[in-house]
Amino acid sequence: SQQMVAEEACSFGQPLDLPIDEPLWPIREDQKPKVVSSVDEFLEIVQMQTHLDRVVVLRNGIGLLRQGDAAPEQLRQAAQSSRSVRDILGRLERSGSASF
């Protein structure tokens, strides 16, 4: 339908709602992220350990790694006022900033 096409255009072709039976991540205990608090611990994991099947989160990592200006300004603005990844993508699409 025309409404479905409009919704897909605003969500990069992704559904706006998950099916009821869709499992949410993490599905299994071993998929839970490893949260660390120090740069040394984070670097030890990503440089010296197998981490391809793991999610490693450095708490306050953007600040600790001094990456606050690493993302384009349009992306940072969209993220500041968004509650989800889909919300960020929708804001970028509406602002015409999706070209980067």
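Me: Buried means under 20% relative accessible area, exposed means over 50%, and partly exposed is what lies in between. Why is Asp 87 called partly exposed?

Reply: In this predicted model, Asp 87 has a relative accessible area of 22%, and since that value is neither under 20% nor over 50%, the residue falls in the class between the two limits. Arg 91, at 31%, is partly exposed as well.

Me: What makes Asp 87 and Arg 91 a salt bridge?

Reply: The closest N and O atoms of Asp 87 and Arg 91 are 3.5 Å apart, and the pair therefore qualifies, the rule asking for a side-chain nitrogen of Lys or Arg within 4 Å of a carboxyl oxygen of Asp or Glu. Both residues belong to helix H5 (residues 85-95), and because they are 4 residues apart there, about one helical turn separates them.

Me: How many salt bridges does this rule give, and where is there another in a helix?

Reply: The count comes to 5 salt bridges. In one of them, the side chains of Arg 76 and Glu 73 meet with an N to O distance of 2.3 Å, which is within the 4 Å limit; both residues lie in helix H4, 3 residues apart, or about one turn of the helix. Arg 76 counts as partly exposed at 22% relative accessibility, and so does Glu 73 at 40%. Asp 69 is linked with Glu 73 and Arg 76 in a network of salt bridges.

Me: How do you know that Glu 29 is exposed, and what is the class of Lys 32?

Reply: Glu 29 has a relative accessible area of 60%, which is over 50% and therefore meets the limit for exposed. Lys 32, at 46%, is partly exposed. Glu 29 and Lys 32 form a salt bridge whose closest N and O atoms are 3.4 Å apart.

Me: Why is Ser 82 called buried?

Reply: Ser 82 has a relative accessible area of 15%, and because this is under 20%, the residue is classed as buried. Ser 82 lies in the loop between H4 and H5, where its side chain reaches the backbone oxygen of Ala 78 at 2.4 Å. Leaving aside neighbours within four places in sequence, Ser 82 is in contact with Asp 87, Ile 88 and Arg 91. Over the whole protein, buried residues make up 13% of the 100 residues.

Me: What makes up the largest nonpolar core?

Reply: This core has 5 residues in all, namely Val 36, Phe 42, Ile 45, Val 56 and Leu 58. They are grouped because a core is a set of buried nonpolar residues joined through side-chain atoms within 4.5 Å. Helix H2 (39-48) and strand S2 (56-58) are the elements that give two or more residues to this core. Val 56 touches Lys 34, Val 36, Phe 42 and Ile 45, residues up to four places away in sequence not being counted.

Me: Which residues make the nonpolar surface patch of about 330 Å²?

Reply: Trp 25, Val 35, Val 55 and Val 57 make that patch; patch membership requires over 30% relative accessible area and no salt bridge, with nonpolar side chains joined within 5 Å, so these four residues satisfy both conditions. Trp 25 lies in the loop between helix H1 (2-10) and strand S1 (34-36). The protein as a whole exposes about 8200 Å², of which carbon and sulfur atoms supply 53%.

Me: What is notable about the phi of Asn 60 and of Arg 66?

Reply: Most residues other than glycine have a negative phi. Asn 60, although not a glycine, has a positive phi of about 60°, and it is found in the loop between S2 and helix H3 (61-64). Arg 66 also has a positive value, near 55°, and sits in the loop between H3 and helix H4 (73-80). Asn 60 counts as exposed at 55% relative accessibility, and Arg 66 does at 75%, because each value is over 50%.

Me: How do the elements of the protein run from the N terminus on?

Reply: The protein has 5 helices and 2 strands, and its elements follow the order α-β-α-β-α-α-α from the N terminus on.

Methods. Residues are numbered from 1 along each chain as its sequence is written. This is a predicted model: local features need pLDDT of at least 70, side-chain atom pairs count only at pLDDT 80 or more; totals for chains, interfaces and linings use all residues. Side-chain values use heavy atoms; hydrogens and water are left out. Buried means under 20% relative accessible area, exposed over 50%, partly exposed in between (1.4 Å probe, protein chains only). Contact means heavy atoms within 4.5 Å. Patches are made of residues with over 30% relative accessible area and no salt bridge: like charges are joined within 9 Å, nonpolar side chains (Val, Leu, Ile, Met, Phe, Trp, Tyr) within 5 Å. Accessible areas come from the Shrake-Rupley method with a 1.4 Å probe; for residues, only the protein chains shown count as cover. A polar contact is a pair of N or O atoms within 3.5 Å; within protein, one must be able to donate a hydrogen and the other to accept it, and residues adjacent in sequence count only if both atoms are side-chain atoms.
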